[in-house]
Amino acid sequence: MKERLYLFDTTLRDGAQTNGVDFTLADKLAIAQMLDELGIDYVEGGYPGANPTDSELFAKDRDLKTTFTAFGMTRRPGRSASNDPGLSALLAAKADAICFVAKSWDYHVKVALETTEEENLASIRDSVKAAKAKGREVLLDCEHFFDGYKANPQYALACAKAAYDEGARWVVLCDTNGGTLPHEVEEIVAKVCKVIPGDHVGIHAHNDTEQAVANSFAAVRAGARQIQGTLNGLGERCGNANLVSLIPTLKLKPEFARQFDINVSDAALKKVAHVSHALDERLNRAPDRHAPYVGDSAFATKAGIHASAIMKDPATYEHVAPETIGNRRKVLVSEQAGKSNVLAELERIGLKVNKDDARISRLLEIVKEREAIGYAYEAADASFELLARRTLGTVPNYFDVTQFDVNVEQRNNARGDRVTVTMAVVKVKVGDDNMISAAEGNGPVNALDLALRKDLGKYQKYIEGLKLTDYRVRILNSGTEAVTRVLIESEDENGERWTTVGVSPNIIDASFQALMDSIVYKLVKSRAPA
Ligand SMILES: [Zn+2]
């Protein structure tokens, strides 16, 4: 019999403290839905009463399987539970569970709360009691528990025990400033679990020593059975424990998989990479390429000798199979590329070529020549695929851009404000049809992109779902002149992403190359007829 381990997500509450993150109500509802589909046991939606978005969120009816949780403070010192407006708002919220936060460090009780140790304990007991009376499941976040325990173990434990004895389902030990180390967490959690059963103990770790995930596992080893974390490790300062890393480890590493069941199915695990990217997308952030398990580079190999071994058996260099979390293997083609990298990449994209085919050596030569002038094929998988297909003669000439014109103008608008207006005009030839499209954009590349994708005649239907998700520019110094390298990341209606590259002394020209590659790649991928 495996033990049940519970996952608690606080992306919408602690994650909302991330610098630069500001969730709208629509964001919160969409993220809650995503977490629910993933199988997260508890989703903490926010702090009703503290801001209009959270109050509105908790006034809404929801249709979620997860235990939707409201966060808030225990009753204020010196007040009764029934005479505390903050607590009343929390109890009135439409939530399945309430997670209270309370001080558990005697020093904070005295200095920050300015009350007595006994009054703080009474506040915990009264608040748990009030929420239980309202039929809510109750959790208590013990703030600064580990520092508190080091300073005064009896008092920190008394706070935890007060909530447990009053019927709180979970007592959550918080490493609020993120400074505790894994061996300390393991030692202290083990001591707590002698007083409170481990299946009522949770861990809430912050990442200030980059060990929030390790600290969470240390707590589990010591007996805790609930882990709190956030998607992509969002959170104040350095963030919270990253559920996107925790979940695959719990599911795929025998040490945990043999002992524990979590509510994330194998099928849901395959969506983890997508969920991680979808959150970045919503926050308008570029995904971290090097993120464990889900990053673009998490299963990427560069060196020739590794690539040839990976082709024989992926297990030789991979700790888990990338498909299990919805990621994919990637063999990078780069300046140091050997023939084996190119062959492995061709195999992955489904191009069958004899390994002695002279065109392989030709392709390798072109890659090296172009990388020498600034192209970066290891970052631009789609441009590499097009280059490979073109070298092997399998890319149809779908359309020609016979002319384009980009105009940037600064002038006064009707209200007399100074504005910069950009317009692009593109002439395209598709078969015997000539088309002219014009578009305005917030900048020259945006205008060019919009005009280019406005009317591609019979190919338009294949690119309707195409959108640009990231645009990166770098100025490179190659010999005598500076050139611009543009990398464009695109996404289609199925959430599939690819990157294309363009290089030129002129930024518009470099962008145009990358845009063209992205569109042609999408047509190839959609098997558009020539
Ligand atoms: Zn926190």
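This passage describes the fold, the metal site and selected local features of a predicted protein model.

Residues are numbered from 1 along each chain as its sequence is written, and in this predicted model local features need pLDDT of at least 70, side-chain atom pairs count only at pLDDT 80 or more, and totals for chains, interfaces and linings use all residues. Side-chain values use heavy atoms, with hydrogens and water left out.

The secondary structure of the protein comes to 20 helices and 18 strands. Helices (H or I, at least four residues) and strands (E, at least two) are DSSP runs, numbered from the N terminus. The C-alpha trace spans about 85 × 65 × 45 Å along its principal axes. Of the 530 residues, 54% count as buried. Buried means under 20% relative accessible area, exposed means over 50%, and partly exposed lies in between (1.4 Å probe, protein chains only). Contacts (heavy atoms within 4.5 Å) were also counted between residues at least 6 apart in sequence; 66% of these join residues at least 24 apart.

A closed barrel of 8 strands runs β2-β3-β4-β5-β6-β7-β8-β9, with parallel pairing. Two strands pair if DSSP finds at least two bridges between them. Neighbouring strands of the barrel are turned by 25 degrees against each other on average, direction ignored. Axes here are lines fitted to C-alpha atoms, for helices over the stretch in contact, and angles run from 0 to 180 degrees between N-to-C directions. Within the barrel, strand β4 (residues 67-73) and strand β5 (residues 97-103) run parallel and are joined by 5 bridges. T69 stands opposite A97 in β5. Helix α9 (residues 212-221) packs on this sheet. It touches β7 (170-175), β8 (201-205) and β9 (226-229). The direction of α9 makes about 165 degrees with that of β8.

The model also holds a zinc ion. Its protein donors are D14 (OD), H204 (NE2) and H206 (NE2), which lie 2.0 to 2.2 Å from the ion. Donors are N, O and S atoms within 2.8 Å of the metal (3.2 Å for Na, K and Ca); water is not among the atoms, so the site may look incomplete. Along the chain, the donors follow the spacing D-x189-H-x1-H. Both H204 and H206 are buried.

A second sheet is open. Its 3 strands take the order β13-β14-β15, and the pairing is antiparallel. β13 (400-412) and β15 (433-441) stand at the edges, each with a single partner strand, so one side of each is left without a neighbour in the sheet. Neighbouring strands are turned by 15 degrees against each other on average, direction ignored. Helix α18 (residues 444-452) packs on the sheet and touches β13, β14 and β15. Its direction makes about 145 degrees with that of β15.

The pairings of this sheet can be followed strand by strand. β13 is joined to strand β14 (residues 418-430) by 12 bridges, and the two run antiparallel. N412 stands opposite R418 in β14. Between β14 and β15 there are 9 bridges, again in an antiparallel arrangement. The bridge partner of T422 in β15 is G441. β14 and β15 form a hairpin with 2 residues between them. In the turn, G431 has a positive phi of about 60 degrees.

Two packed helices are described by the angle between their axes and the distance between the axes. Helix α1 (residues 25-38) and helix α13 (residues 272-283) pack at an angle of about 175 degrees, with their axes 11 Å apart. α1 and α13 are therefore roughly antiparallel to each other. Angles under 35 degrees count as roughly parallel, over 145 as roughly antiparallel, 65 to 115 as roughly perpendicular and the rest as oblique. On the α1 side, the residues that meet α13 are A26, D27, A30, I31, M34 and L38. Their counterparts in α13 are V272, V275, A278, L279 and R282.

Helix α7 (residues 153-165) has 13 residues. It reaches 18 Å from its first C-alpha to its last, close to the 18 Å expected at 1.5 Å a residue. The expected span is 1.5 Å times one less than the number of residues. Y155, A156, L157, C159, A160, A162 and A163 of α7 are buried. Just after the helix, G167 takes a positive phi of about 110 degrees.

Most residues other than glycine have a negative phi. E114 has a positive phi, near 50 degrees. E114 lies in the loop between α4 (106-111) and α5 (117-133) and is exposed, with a relative accessible area of 68%. N232 also has a positive phi, near 55 degrees. The place of N232 is in the loop between β9 and α10 (243-252). At 22% relative accessibility, N232 counts as partly exposed.
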